[in-house]
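User: I'm new to this structure and would like to learn how to read it. Could you walk me through it, one feature at a time?

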Amino acid sequence: MAQRLAGNASAYASIPDRLLAVATRLFAEKGYESTSVQEIVAAAGVTKGAMYHYFGAKDDLLYEIYHRLLGLQTRRLREFAGGPGTVEERLRAAAVDVLSTSFQYLDEFTVFFRSMHVLPKERRRAVRAERRRYHEEFRALVEEGQREGVFRADVPADLSVHYFFGAVHQVSTWYRPDGRLDAQEISEYYVELFLNGLRARPEAPAAAPGRPGRDDRGATSA
């Protein structure tokens, strides 16, 4: 079941958390551009003045929604990267986690990728910088595996990482919680496909003497 990083909108939650929880729900249901500030404050049970005390504008809510999710994923990536296990085990754990947290906080994930284009230029630049740092730390695990000979070195690490995250960023367009596969199963399949493409291939054995070869014309000899 999808959760929200800001918790719920109950009266016991802090005002910022109530506003973020409500904004996340409304943005996911109606879209960012179709949700008014008045709807947000009314659903959160606060005044506009209270909202503007914590958030200078509606787009600050949008930025904070994704900033919290990316912050969580970055902290967890660092835990996996610096934890025990082989490089493949640590990369697997990090890759499964980024999918699992995206499914767990699907509203935040969906809202951001649907609405990032409406952020002011400086906010978009800040978000891209945060995402770039995350991708660089994730890529470092791939590069570590390449240096150790665990992962193939003939494919650039950054291309592999872009390929993986390109697939991850699309899950909100097709995933349904009541679908045939649950979020954990999808995460495991995605990561196994990713790792299968990374694993170093054993060198093909040389042809045994007497086996059919190629003649000078390039055709297979009988």
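User: Let's begin with empty space: which elements each supply at least two residues of the lining of the largest cavity?

Analyst: First the general idea: rolling a probe the size of a water molecule over the atoms shows where empty space is left. A cavity here is a set of points, on a 1 Å grid over the protein atoms alone, where a 1.4 Å probe fits but cannot get out, and lining residues have an atom within 4 Å of a point. In this case, H4, H5, H6, H7 and H8 each supply at least two residues of that lining. Bear in mind that this is a predicted model, where local features need pLDDT of at least 70 and side-chain atom pairs count only at pLDDT 80 or more, while totals for chains, interfaces and linings use all residues. Residues are numbered from 1 along each chain as its sequence is written, and side-chain values use heavy atoms, with hydrogens and water left out.

User: How many cavities of 30 Å³ or more are there, and what is the volume of the largest?

Analyst: There are two of 30 Å³ or more, and the largest has a volume of about 80 Å³. A volume is the space filled by probe spheres set on the points, with grid points joined across faces, edges and corners. The largest cavity is lined by 13 residues, and Tyr66, Gln73, Val98, Phe165 and His169 are the closest to its centre.

User: His169 caught my eye. Where is it, and is it buried or exposed?

Analyst: Histidine 169 sits in the loop between H8 and helix H9 (171–174). To read burial, look at relative accessible area: under 20% is buried, over 50% is exposed, and in between is partly exposed (1.4 Å probe, protein chains only). Histidine 169 comes out at 16%, so this residue counts as buried. Contact means heavy atoms within 4.5 Å. Setting aside neighbours within four places in sequence, histidine 169 is in contact with Phe109, Phe113, Arg131 and His135.

User: Let's step back. How many helices and strands does the protein have?

Analyst: Ten helices and zero strands. Helices (H or I, at least four residues) and strands (E, at least two) are DSSP runs, numbered from the N terminus. Of the 222 residues in the protein, 41% are buried. As for contacts with a separation of 6 or more, 66% of them come from residues 24 or more positions apart.

User: Take H7. How far does this helix reach from its first C-alpha to its last?

Analyst: The expected span of a helix is 1.5 Å times one less than its number of residues. H7 (residues 121–147) has 27 residues and reaches 38 Å, close to the 39 Å expected. After H7 comes glycine 149, with a positive phi near 80°.

User: And what do the buried residues of H7 pack against?

Analyst: A useful idea first: an α-helix has 3.6 residues a turn, so residues three or four places apart point the same way. The buried residues of H7 include Val127, Arg131, Tyr134, Phe138 and Leu141. As a group, the buried residues of this helix pack against helix H4 (58–81), helix H5 (87–104), helix H6 (106–115), helix H8 (157–168) and helix H10 (183–198).

User: What lines the second largest pocket?

Analyst: A pocket is an open set of grid points with protein on both sides within 12 Å along at least five of seven lines. The second largest has a volume of about 160 Å³. Its lining is made of Arg128, Arg131, Arg132, His135, Glu136, Arg139, Asp158, Val161 and His162. H7 gives the most to this lining, with six residues.

User: Which residues have the most contacts inside the largest nonpolar core?

Analyst: In soluble globular proteins, nonpolar side chains tend to be buried together. A nonpolar core is a set of buried Ala, Val, Leu, Ile, Met, Phe, Trp, Tyr and Cys residues joined through side-chain atoms within 4.5 Å. The largest one has 59 residues, and Leu19, Leu61, Leu91, Phe138 and Phe164 have the most contacts inside it. H4 provides the largest share of this core, nine residues. Leucine 61, leaving aside neighbours within four places in sequence, is in contact with Leu19, Leu20, Ala23, Phe27, Ile40, Met51 and Phe55.

User: What about threonine 74, buried or exposed?

Analyst: Threonine 74, in helix H4, has a relative accessible area of 13%, so this residue is buried. Its C-alpha is separated by 6.1 Å from that of tyrosine 134, 60 residues apart along the chain.
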